[in-house]
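Subject: Structure handover

Hi,

Here is the structure for you to look over. Please open it alongside this message.

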Amino acid sequence: GPVAYAFLIIATLISLFPLYWTVVAASRTGTELDTPPTPLLPGSHLIENLHIVWDQVDMTKALINSTIVASLVALSTVMFATLAGFAFARLQFRGRNALLTVVVATMTIPPQLTVIPLYQIITDVGWVGHVQSVILPSLVAAFGVFFMRQYLAEALPVELVEAARVDGAHSLRIIWHVVFPIARPAMAVLGMLVFVQSWNDFFWPFIALNQQNPTVQVALAGLGSGDHTIDHAVVVCGALIATLPLLLVFAVLGKHIVGGITAGAVKS
């Protein structure tokens, strides 16, 4: 009814306000942002701030690097997590439950504990400042394995796998023709989550990379500073640039993800 629509409109406006204010702040000067009252209408300095962003950091390379890193990490995580999730959900092997427990337990380890040994490794192989130092440690995640295992345990009937084996299908054929089609909705969701997480990751890329070969988040760390002050308008402008690709990904893939989830629910 009207109350539900009114509630949805209000919730939508509240959700969109941070993005709107980012556009407002990115189009103002640092002085205008630092001087009360806070502006609520867009200004005329957006193009000027964009030029400052590109002058201060190599944002083009940062966008390319982040796209490469996030895409490869998302793709590898989805593939490996789906294979591992299928193994944990439907294959019988000794120590399966114990191994799954170990995988889930690794989620409790703070990433800060692995920084020193990981940095020593990439230093030894000469990867400091190179994007592979960010990609390779993130090729698979315990959360992705657990996520896909839980999904396949519910969505993939044991009888379907057994029927495929009776028909003479080997494991790779079962994975390609049975597991992947059924797991596609969860794979899409996991890919989106991992892409966003990898795009927004700052801690490890800031340690492993530098301003000569940055990801977007590393580049943002070098914005706006000068003369012992920080130009917040330039920083927010950089953040706006970093947000736009994510909005584009959601705009392109959002309907496909929702459609896949809906189709999977109907089939089940």
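Below is what turned up, from the whole chain down to single residues.

First, a caution. This is a predicted model. Please read every value below as computed from that predicted model.

Overall picture

The protein has 268 residues, and 35% of them count as buried. Its secondary structure comes to 13 helices and two strands. Along the principal axes, the C-alpha atoms fill a box of roughly 70 × 65 × 30 Å. Now take the contacts with a separation of 6 or more. Residues 24 or more positions apart account for 70% of them.

Surface and charge

The accessible surface is about 15700 Å². Carbon and sulfur atoms hold 70% of that area. On the charge side, there are 11 positive and 13 negative charges. Their mean positions lie 21 Å apart.

How many salt bridges does a search of the whole structure find? The search returns one. The partners are glutamate 32 and arginine 28, joined through their side chains. The N to O distance is 3.9 Å. That passes, because the cut-off for a salt bridge is within 4 Å.

Are the two partners buried or exposed? They fall in separate classes. Arginine 28 has 17% relative accessibility, so it counts as buried, the limit being under 20%. Glutamate 32 has 31%, so it counts as partly exposed.

Nonpolar patch

Which residues make the nonpolar surface patch? They are Phe17, Tyr20, Leu40 and Leu41. The patch covers about 400 Å². Phenylalanine 17 sits in helix α1, which spans residues 2–26. Its relative accessibility is 41%, so phenylalanine 17 counts as partly exposed. Phenylalanine 17 can join a patch because patch residues need over 30% relative accessible area.

Valine 104

One more residue to look at. Where is valine 104? Valine 104 lies in helix α5, residues 96–105. With a relative accessible area of 27%, valine 104 is partly exposed. That value does not reach the patch cut-off of over 30%, so valine 104 cannot be a patch residue. Valine 104 and alanine 141 are 37 residues apart in sequence. In space, their C-alpha atoms are 9.8 Å apart.

If you open just two views, try the salt bridge between glutamate 32 and arginine 28, then the patch with Phe17, Tyr20, Leu40 and Leu41.

Best wishes

Methods: Residues numbered from 1 in each chain as written. Predicted model: local features only at pLDDT ≥ 70, side-chain atom pairs only at ≥ 80, totals over all residues. Heavy atoms only, no water. Helix = DSSP H or I, 4+ residues; strand = E, 2+ residues; numbered from the N terminus. Buried < 20%, exposed > 50% of the residue type's maximum accessible area, 1.4 Å probe, protein only. Contact = heavy atoms within 4.5 Å. Areas by Shrake-Rupley, 256 points an atom, 1.4 Å probe, with all protein chains shown as cover. Lys, Arg positive; Asp, Glu negative; His and termini not counted. Charge placed at Lys NZ, Arg CZ, Asp CG, Glu CD. Patch = residues over 30% accessible without salt bridge, like charges linked within 9 Å, V, L, I, M, F, W, Y side chains within 5 Å.
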